[in-house]
Amino acid sequence: MRTHTLAFVLISALQCAQAMEDMQKEGQTLAPSFTCGKYTTRTVLIGSGTTSVVKSNKGTMRCTVLYKLTDCSEMKMTCQKFYVDNRDPYKCKRGDTFNVKSGGGKPRAYCKRNKPNERF
């Protein structure tokens with residue numbers, strides 16, 4: 001009886017772990033506004049009237065945010081404060097970058113004070 005119970009618990013734990021792993025690949029779906037930790041992955045659901053504010057700290061190494069539209073066909077992203085340190089302000093090859101990928105296009109890198117505008 002103990003062996004069957006232990007086997008059931010292990011199988012349940014493996015299934016739960018696999019479901020949690022699938023959720024972690026996409027990131028947590030929580031509040032649309034947050035501050036990035038050292039390594040953060042989030043999914044933010046965007047609907048009509050949703051505002052998302054993402055902040056980072058000096059200790060932030062990587063912050064990945066996936067925006068999913070719920071009842072809209074497009075969204076607009078603006079940055080009020082923007083400074084991403086990089087020693088190559090023209091090609092963004094030497095330092096930190098802010099990458100934006102929309103639709104099926106290529107990712108576009110931004111750095112220094114060159115921030116995404118309405119033409120990205």
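What percentage of the contacts in the protein chain with a separation of 6 or more comes from residues 24 or more positions apart? Such residues account for 28% of those contacts, where contact means heavy atoms within 4.5 Å. Keep that in mind as you go around.

**Before you start**

This is a predicted model, in which local features need pLDDT of at least 70, side-chain atom pairs count only at pLDDT 80 or more, and totals for chains, interfaces and linings use all residues. Residues are numbered from 1 along each chain as its sequence is written, and side-chain values use heavy atoms, with hydrogens and water left out.

**Stop 1: the whole chain**

Switch to a cartoon view. You should find one helix and seven strands in the protein chain, and reading along the sequence gives the pattern α-β-β-β-β-β-β-β. Helices (H or I, at least four residues) and strands (E, at least two) are DSSP runs, numbered from the N terminus. Now colour by accessibility: of the 120 residues in the protein chain, 18% are buried. Buried stands for under 20% relative accessible area, exposed for over 50%, and partly exposed for what lies in between (1.4 Å probe, protein chains only).

**Stop 2: the open sheet**

Select E1, E3 and E5. These three strands form an open sheet in the order E1-E3-E5, with parallel pairing. E1 and E5 are the edge strands, each pairing on one side only. Two strands count as paired if DSSP finds at least two bridges between them.

Start with E1 (residues 28-29), which runs parallel to E3 (residues 39-46) and is joined to it by two bridges. Show Gln 28 and you will see Arg 42 of E3 opposite. Then move to the other pairing, where E3 and E5 are linked in the parallel sense over eight bridges. Pick Thr 40 there: its bridge partner in E5 is Cys 63.

While Arg 42 is on screen, add Phe 34. The charged end of Arg 42 sits over the ring of Phe 34, 4.3 Å from the ring centre. For this label, NZ of Lys or CZ of Arg must be within 6 Å of the ring centre and within 35 degrees of the ring normal.

**Stop 3: an aromatic pair and the core**

Next, select Phe 82 and Phe 98. The structure holds one aromatic pair. The ring centres of Phe 82 and Phe 98 are 5.4 Å apart and the planes stand at 85°, so the pair is edge-to-face. It links distant parts of the chain, with Phe 82 in the loop between E5 and E6, Phe 98 in strand E6, and the two positions 16 residues apart. Rings of Phe, Tyr and Trp (its six-membered ring) pair if their centres lie within 6.5 Å; planes under 30 degrees apart are stacked, over 60 edge-to-face, and the rest tilted. Phe 82 is buried at 12% relative accessibility, whereas Phe 98 is partly exposed at 29%.

Keep Phe 82 and add Met 77, Cys 79, Val 84, Val 100 and Tyr 110: these six residues make up the largest nonpolar core. Such a core is a set of buried Ala, Val, Leu, Ile, Met, Phe, Trp, Tyr and Cys residues joined through side-chain atoms within 4.5 Å. Centre on Val 84 and list its neighbours. Leaving out residues up to four places away in sequence, Val 84 touches Asp 96, Thr 97, Phe 98, Tyr 110, Cys 111 and Lys 112.

**Stop 4: the salt bridge**

From Lys 112, add Asp 85. Their side chains meet in a salt bridge (3.5 Å, N to O). The pair links distant parts of the chain: Asp 85 is in the loop between E5 and E6, Lys 112 is in the segment after E7, and they are 27 residues apart. The structure holds one salt bridge, defined as a side-chain nitrogen of Lys or Arg within 4 Å of a carboxyl oxygen of Asp or Glu. Both ends are partly exposed: Asp 85 has a relative accessible area of 41%, and Lys 112 has 25%.

**Stop 5: two positive phi values**

Stay on Lys 112 and check the backbone. Most residues other than glycine have a negative phi. Lys 112 has a positive phi near 55°. Now jump to Cys 92, which is not a glycine either and has a positive phi of about 55°. Cys 92 is in the loop between strand E5 (62-69) and strand E6 (98-100), and counts as buried at 9% relative accessibility.

**Last stop: Gln 80**

Finish with Gln 80, in the loop between E5 and E6. Gln 80 is exposed, with a relative accessible area of 80%. Draw a C-alpha to C-alpha distance to Lys 115: the two are 9.3 Å apart in space and 35 residues apart in sequence.
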